[in-house]
Amino acid sequence: MDQFEPKVIAFLCNWCTYTGADLAGTSRLQYPPNVRIVRLMCTGAVDTIYVLKALMEGADGVLIGGCHPGDCHYQHGNYKARRRVAILKEILSQIGFDDDRIWLRWISASEGKLFADTVTEMVGTLKEKGPNALQNSWAV
Amino acid sequence: MRHATMNVDDGDRNAALQELLTQLLRSGFVQAVMVPKPLADGSAVVQSLVVDPEQLKGVTPIAPTMPVQSARILSDLTRTPIEGRIAAVLKPCELRATVELAKFLQVDLENVVTISLDCYGTYDVAQYAGMSGDERVGALQPLAGGSNDAQANQVREACRMCSRPIPIGVDLGVGLLSGSSDSIPLSLGDRFADELAEALSLKITESEPEGRATAVEAFVARRKEYRDKALGGFTKETASIDGLMQTLSACIGCHNCMAVCPICYCKECVFDSAVFEHRSDQFLSWAKRKGVLRVPTDTLMFHLTRLSHMGTSCVGCGVCESACPNDVPVASLFNSLGGKLQEMFEYVPGEDPTVDPPVASFKEEELVEVAPNE
């Protein structure tokens, strides 16, 4: 049987983590190809509906990457994102969904290695968890 | 907060409140009063905007029914600046929703004098319409102490589990729960206390009338007991996705709950937008992947998104559940999960106008565990 390859949808902010992912690439760092990146201008623009949609339509995990606290290009977008993610994780954990499938991480434009390491770690964790059952529920 | 007492003649508490509102209007303190008023045969009560004092004769500020959430009406009434003041008679949950909407800049409270009564709970509109005339008259004269068990057991589920039946931060609070057959205690917020005292010829005191705190405490304790029991069971039922889907199984995606919710104020909701007008082949491709697809789609996503958007500000009024054609327990869902979110931020919606709602604010040092690599 083929080994389970998790799908990760990553919402990355333009100014920090997306540029960090770019640096990982230009630095020829290796990381698992399981991640599909969606670039946004700011983590503050990540509505919870995007995360829910991804988890219900085939993603095994969602990574949200933004600037470190205090470094947001728009001042406070990442702080607001942190509250929204906290709210979503609380709701999901209350209804018995493993909220550790959602990762929020701060990765700056200069942290290409941290991006590669984070993706590697997340994919490893998701492989242990196995497929996200929610994507196969037909009546949601 | 200051205090006063209102006299009641012949034990008729509703008539005493009619008189109070009439004085407010006649004295010129307000130019209009928003107050529940029965339609022709009395089986339906609607909010009304009264400017002619004569029209206050039949009003029923105590009527235990809430056809719409009045915070939404106040949002309409204060959309553009108004001259003169409007007094608004609100249930405590309507007051909380109003304060919450004011924080989101959807209500302008500057020229609104809020009046709110201790709430014994409300009946569904159809339930109220089905009552006999005598029953409705009886419901207008709640006993001090809230010992009317029949009413306590028949009001809407959201009311039965409401642990905040007392208005907080109100301009004029009417303490129906306490007092006697010939008087009702009033509380006056600092904002209009002096003007209200003058308009209503009230004698102001600094201390709360004796017995009030005890009566309130006992009433709230009964509600909390029911709430803990009801939500305890509900939380167990919805502790898994399958359990939650069972709870939501009767949802037909009509979005009534969203349409009547006072906190869901967005002019353009994503669920009414083109985002959810999928291409025909999209449905088929979803169905192919899963083998079978529930249609209309997005039931769980709708409720979870609404929870994450406004669960932190839910005031627990339960109009969502009353508006549901299939009795999906939406209010219990928001009371249970929304309550957890509110605990997370130690936030009480509609309580303190100076505290920002959780989704509109943040602290630099918080929730470190959510993004652990900092």
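**Exercise 1. Pairing around β7 of chain B**

Task: Which residue of β7(B) does G173(B) stand opposite, and which strands pair with β7(B) in the antiparallel sense?

Solution. Work in this predicted model.

- Step 1. Look across from G173(B): the residue opposite is S187(B), in β7(B).
- Step 2. Move up to the strands. β6 of chain B, residues 172-174, pairs with β7(B) over 3 bridges, and the sense is antiparallel.
- Step 3. Turn to β1 of chain B, residues 2-7. β1(B) and β7(B) are also antiparallel, with 6 bridges.
- Step 4. Pick one bridge partner as a check: R2(B) is matched with L188(B) of β7(B).
- Step 5. Ask how enclosed the strand is. β7(B) covers residues 183-188, and 5 of its 6 residues are buried, so the rest of the structure largely encloses this strand.

As background, strands in a sheet pair through backbone hydrogen bonds, in either a parallel or an antiparallel way.

**Exercise 2. The sheet of chain A**

Task: In what order do the 4 strands of the open sheet of chain A lie, and which are the edge strands?

Solution.

- Step 1. List the elements. Chain A has 4 helices and 4 strands. Read from the N terminus, they run β-α-β-α-β-α-β-α.
- Step 2. Order the strands in space. The open sheet reads β2-β1-β3-β4 in chain A, with parallel pairing.
- Step 3. Find the edges. β2 (35-40) and β4 of chain A each pair on one side only, which makes them the edge strands.
- Step 4. Add the twist: on average 20° from one strand to the next.
- Step 5. Inspect one pair. β3 of chain A, residues 61-66, runs parallel to β4(A), and 5 bridges join them. Within β4(A), W106(A) is the bridge partner of G66(A).
- Step 6. Place a helix. α2(A) lies across β1 (8-13), β3 and β4 of chain A, and its angle to β3(A) is about 150°.

**Exercise 3. Overall form of chain A**

Task: Why does chain A count as being as compact as a globular protein of its length?

Solution.

- Step 1. Take the radius of gyration of chain A, 15 Å. The globule rule gives 14 Å for 140 residues. The two are close, so chain A is as compact as a globular protein of that length.
- Step 2. Add the dimensions. The C-alpha trace of chain A spans about 40 × 35 × 20 Å along its principal axes.
- Step 3. Check burial: 54% of the 140 residues of chain A count as buried.
- Step 4. Check contact range. Among contacts in chain A with a separation of 6 or more, 81% join residues 24 or more positions apart.

**Exercise 4. Two contact surfaces**

Task: How many residues does each chain give to the contact between chain A and chain B, and how many does each domain of chain B give to the contact between domain 1 and domain 2?

Solution.

- Step 1. Count the chain contact: 33 residues come from chain A and 33 residues from chain B.
- Step 2. Assign the chain A side. α2 (48-56), α3 (77-94) and β4 (102-106) of chain A each supply at least two residues. α3(A) gives the most, with 13 residues.
- Step 3. Classify that side of chain A: 18 nonpolar, 7 polar and 8 charged.
- Step 4. Split chain B into domain 1 (2-227) and domain 2 (251-362). Their C-alpha centres are 29 Å apart.
- Step 5. Count the domain contact: 26 residues of domain 1 of chain B touch 21 residues of domain 2 of chain B.
- Step 6. Assign the domain 1 side. α2 (70-77), α3 (92-103) and α7 (157-160) of chain B each supply at least two residues. α3(B) gives the most, with 10 residues.
- Step 7. Classify that side of domain 1 of chain B: 14 nonpolar, 4 polar and 8 charged.

**Exercise 5. Backbone exceptions in chain B**

Task: Where in chain B are S201(B), E346(B) and P296(B) found?

Solution.

- Step 1. Recall the norm: most residues other than glycine have a negative phi, and most peptide bonds are trans.
- Step 2. Take S201(B). Its phi is positive, about 50°, yet it is not a glycine. S201(B) is in the loop between α8 (193-200) and α9 (212-237) of chain B. It has 9 C-beta neighbours inside 10 Å; exposed means 12 or fewer, so S201(B) is exposed.
- Step 3. Take E346(B). Phi is near 45°, again positive in a residue other than glycine. E346(B) is in the segment after α15 (330-344) of chain B. With 8 other C-beta atoms within 10 Å, E346(B) is exposed.
- Step 4. Take P296(B). The peptide bond from V295(B) to P296(B) is cis, with omega near -5°. P296(B) is in the loop between α12 (280-290) and α13 (299-310) of chain B.

Conventions:
Residues numbered from 1 in each chain as written. Chains lettered and ligands numbered in written order. Predicted model: local features only at pLDDT ≥ 70, side-chain atom pairs only at ≥ 80, totals over all residues. Domains from an automatic or database assignment. Contact = placed C-beta atoms within 7 Å. Nonpolar A, V, L, I, M, F, W, Y, C, P; charged D, E, K, R; others polar. Rg over C-alpha atoms; globule rule 2.2 N^0.38 Å. Buried ≥ 20, exposed ≤ 12 C-beta atoms within 10 Å, placed from the backbone. Pairing = 2+ DSSP bridges. Axes fitted to C-alpha atoms, helices over the stretch in contact; angles between N-to-C directions.
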